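Dear colleague,

Please find below the structure that I am handing over to you, together with its sequence. My notes on it follow.

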Amino acid sequence: MTTNSASPGAIVVGGGPAGLAAALSLAASGLPTALAAGPHRPGGHDRDRRTAALFAGSVELLRNLGAWEACAPHSAPLTAIRLVDDTGRLLKAPEVTFRAREADLDAFGYNVPNDILVDALMARLPAAEALSVHTTAGAHVKRIGEESVEVALAEGGSLTAPLVAAADGRKSPARETAGISVKTWSYPQSALVTWFTHQRDHEGVSTEFHRPTGPFTTVPMPGHASSLVWVEEPREAERLSALSETEMRRAIERRLNGLLGTVGEIGPRAVFPLSGLIPDVFAKNRIALVGESGHVIPPIGAQGLNLGLRDAASLADCAAEAVARGADPGGPEVLDRYSRLRAPDVNSRITTVDILNRSLLSPYLPVHLMRGFGLHLLNTLGPLRRRLVHEGVQPSGTVPRLMQKGGLALFSNGDFANSPA
């Protein structure tokens with residue numbers, strides 16, 4: 001446990017990537033912060049087989065938090081995103097490739113292994129002067145008062161602060177205690193995730209094959225390797241997961257249609273059911289939702305963790321501005337502002353991904369026609385392409401300070417005017 005003599009102005013509950021980023025971001029803003037999270041066991045990088053394609057703003061956040069240097073050697077740049085119609089339907093949509101240079105970027109972002117990311121963020125905790133870390137087997141919101149929230153720790157004792165960042169997952173107990181209701185739904189799909197080596201160079205291109213059961217997506221890793229998210233019907237996903245390595249190699253090669261050549265080593269596999277979640281508000285009763293407590297989205301278009309990191313950086317902005325004005329960082333005005341900032345970003349991306357996913361699953365011809373026509377427009381209209389590329393990487397509106405270059409300086413010099421996206 002790291003100690004800190006200052007009484008916390010915020011408590012972060014949860015030690016996943018979004019929770020760690022929220023704790024470091026709040027502390028970087030100058031707000032004394034307490035992190036209540038489970039024990040961390042660095043090293044065994046077979047714990048989480050997923051990777052996250054982090055866009056430019058998320059990478060800038062990691063740079064400002066001092067965590068990017070440890071991630072960079074294990075990450076690969078994403079220079080282009082290719083969409084391929086592999087539905088086998090009579091009306092085939094055109095292939096579309098979005099290139100980073102269309103957004104005046106060298107790369108859209110980087111593909112980062114989740115466990116490497118967690119290790120890098122954890123390694124920064126001791127250096128955060130305004131942060132105290134409380135390693136616990138469990139933390140729950142015990143009481144919400146008029147001026148503060150009490151968070152009880154499983155080992156005994158409690159923490160009290162005017163603001164709680166609930167980064168405790170999609171089943172968030174803190175969200176329930178705050179009285180925030182959610183809409184949830186499920187898809188008739190599961191995602192098989194793994195990684196594999198291959199003969200041909202991916203050239204930094206992430207390829208998403210759109211199939212009737214969902215996307216089959218390869219994302220570049222360093223060298224001749226890629227991560228894989230293969231969305232299928234749940235039974236088929238489990239069947240694929242149980243294949244021998246030889247059988248799995250052949251199955252991947254068939255789906256790739258020779259794109260990456262011969263498939264070599266295949267990493268450990270895991271299967272995750274697909275679902276969605278959206279809250280009615282993103283903050284209430286001194287509790288702000290961060291990460292999957294505030295949104296669950298299918299792994300299409302690389303939006304999930306990028307949303308969670310924007311939650312973290314945006315909450316730090318809102319809390320720091322309140323403190324600078326002498327206001328309550330967990331008061332209704334601050335929480336309303338945070339909710340207004342996050343709602344358009346999260347809602348628009350969940351809606352877009354949901355429509356795209358359901359358009360693949362739909363048996364109706366008019367839906368296929370609309371999807372194909374939309375991709376045709378993207379393939380031929382330059383301004384529309386550039387707008388979509390920019391919006392996918394960096395949403396319209398304000399850019400949180402820690403997602404800007406030199407973001408730490410903006411806090412230290414008292415610059416609280418967010419720059420437009």
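**Strand β14 and its surroundings**

In this predicted model, the side chains of β14 divide between two directions: V205, T207, F209 and R211 point one way, S206, E208 and H210 point the other way, and all are buried. The strand covers residues 205–211, and seven of its seven residues are buried, which leaves β14 mostly covered.

Two strands pair with β14. With strand β5 (residues 80–85), the pairing is parallel and extends over six bridges. Within this pairing, R82 stands opposite T207 of β14. With strand β15 (residues 214–221), β14 pairs in the antiparallel sense, over five bridges. A hairpin of two residues joins β14 to β15, and R211 has G214 of β15 as its bridge partner. Thus R211 belongs both to the group that includes V205, T207 and F209 and to the antiparallel pairing, through G214.

**Helix α2**

How much of helix α2 is buried? Of the 10 residues in this helix (residues 56–65), eight are buried, so α2 is largely enclosed by the rest of the structure. The buried residues are G57, S58, V59, E60, L61, L62, N64 and L65. For this count, a residue is buried when its relative accessible area is under 20%. After α2 comes G66, which has a positive phi, near 80 degrees.

I would be grateful if you could look at these two regions when you open the model.

With kind regards

Notes. Residues are numbered from 1 along each chain as its sequence is written. This is a predicted model: local features need pLDDT of at least 70, side-chain atom pairs count only at pLDDT 80 or more; totals for chains, interfaces and linings use all residues. Side-chain values use heavy atoms; hydrogens and water are left out. Buried means under 20% relative accessible area, exposed over 50%, partly exposed in between (1.4 Å probe, protein chains only). Helices (H or I, at least four residues) and strands (E, at least two) are DSSP runs, numbered from the N terminus. Two strands pair if DSSP finds at least two bridges between them.
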